Amino acid sequence: MILPSRIYSISEKAIVIEWEQRIEPRIAGSIRLLQECIYRAQWNGLVELVPSYASLSVFYNPIVVKSQGHLPGETAAEKAEAFILQLLTQTDTTTIQAKPRRVEIPVLYGGAHGPDLSFVAAHCKMTEAEVIDLHSKAIYQVYLLGFVPGFAYLGGMNTLLDTPRKQTPRPNVPAGSVGIAGLQTGIYPMQITGGWQIIGSTTLSLFNPGNTPPAFLQAGDEVCFVPVTSANT
């Protein structure tokens, strides 16, 4: 595990555990491992864990945490930080397997489903088939959810596919659209305005408020895109 660079309070109900600020698979793995350690500790007072590219926000019940006499500190934030430091220094992380879930996403590439595939191919100086091949061969990691509910930011795309966002965003990007922006790829969970280059689409539902959790993809998941020729595949 890569140890975080600092821990600090952002409110009376939350602290942030921060690593070096860069997109790095080993840092993402360390965040996922610490999440697993926190869950296994069954810490009384824990409300929610929110991972991002290089940090983990820990939300807790300050009344419950402040009453925990076994933790040093006067405030809930001090006790929460002490709890995290104990986990980091006393847990044998080599015995913990935070194995990611792997999810396959069927994708219809090009045509009406991927109106920007030709632009991406031209920008990257390759054929559309080569773009599809490179995009679907990679194993992506969900670093975080954001932008809109259920939108997963995926890292791990081949650098040869690096393509800038559209200069003018589309007013309506259909739900399920698979896009590229810079060195990232992602899937729009609902119809919204968006500026990513759309190269395909999937029929999978990525966000449903009635589900638990409502977002289909979660931080730490591994994602594979599988080219298909029919929406029923």
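**Close-ups of a predicted model**

**View 1. A four-stranded open sheet.** Four strands line up in the order S1-S2-S4-S3 to make an open sheet, and their pairing is antiparallel. At the edges sit strand S1 (6-11) and S3, each of which pairs on one side only. Go from one strand to its neighbour and, ignoring direction, you find an average turn of 20°. Keep in mind that this is a predicted model.

**View 2. S1 meets S2.** Here we look at S1 beside strand S2 (residues 14-18); the two run antiparallel and are joined by five bridges. For a pair to look for, try tyrosine 8, which stands opposite valine 16 in S2.

**View 3. A helix on the sheet.** H1 packs on the sheet, where it touches S2, S3 and strand S4 (55-60). Compare directions and you get about 170° between H1 and S3.

**View 4. Two domains in one chain.** The protein chain splits into domain 1, residues 6-90, and domain 2, residues 102-227. Their centres, taken over C-alpha atoms, are 31 Å apart. Where the two domains are in contact, domain 1 brings nine residues and domain 2 brings seven.

**View 5. The largest pocket.** This pocket has a volume of about 560 Å³. It is lined by 22 residues, and the ones closest to its centre are Gln35, Leu49, Pro51, Gln218 and Ala219. Where does the pocket lie relative to domain 1 and domain 2? It lies between them, because both domains give residues to its lining.

**View 6. What the pocket wall is made of.** Helix H1 (25-41), strand S3 (46-51) and strand S6 (140-145) each supply at least two residues of the largest pocket's lining. So how does the lining break down by class? Count 12 nonpolar residues, four polar ones and six charged ones.

**View 7. A cis proline in a loop.** Zoom in on the peptide bond running from threonine 212 to proline 213: it is cis, and its omega is near -5°. Proline 213 has its place in the loop between strand S12 (197-201) and strand S13 (222-227).

**View 8. A lysine with positive phi.** Lysine 125 has a phi near 55°, a positive value in a residue that isn't glycine. You'll find lysine 125 in the loop between helix H4 (117-123) and helix H5 (128-137).

Conventions: Residues numbered from 1 in each chain as written. Predicted model: local features only at pLDDT ≥ 70, side-chain atom pairs only at ≥ 80, totals over all residues. Heavy atoms only, no water. 1 Å grid on protein atoms, 1.4 Å probe; cavity = no way out; pocket = protein on both sides within 12 Å on 5 of 7 lines; lining within 4 Å. Points joined across faces, edges and corners; volume = space filled by probe spheres on them. Nonpolar A, V, L, I, M, F, W, Y, C, P; charged D, E, K, R; others polar. Domains from an automatic or database assignment. Pairing = 2+ DSSP bridges. Axes fitted to C-alpha atoms, helices over the stretch in contact; angles between N-to-C directions. Contact = heavy atoms within 4.5 Å.
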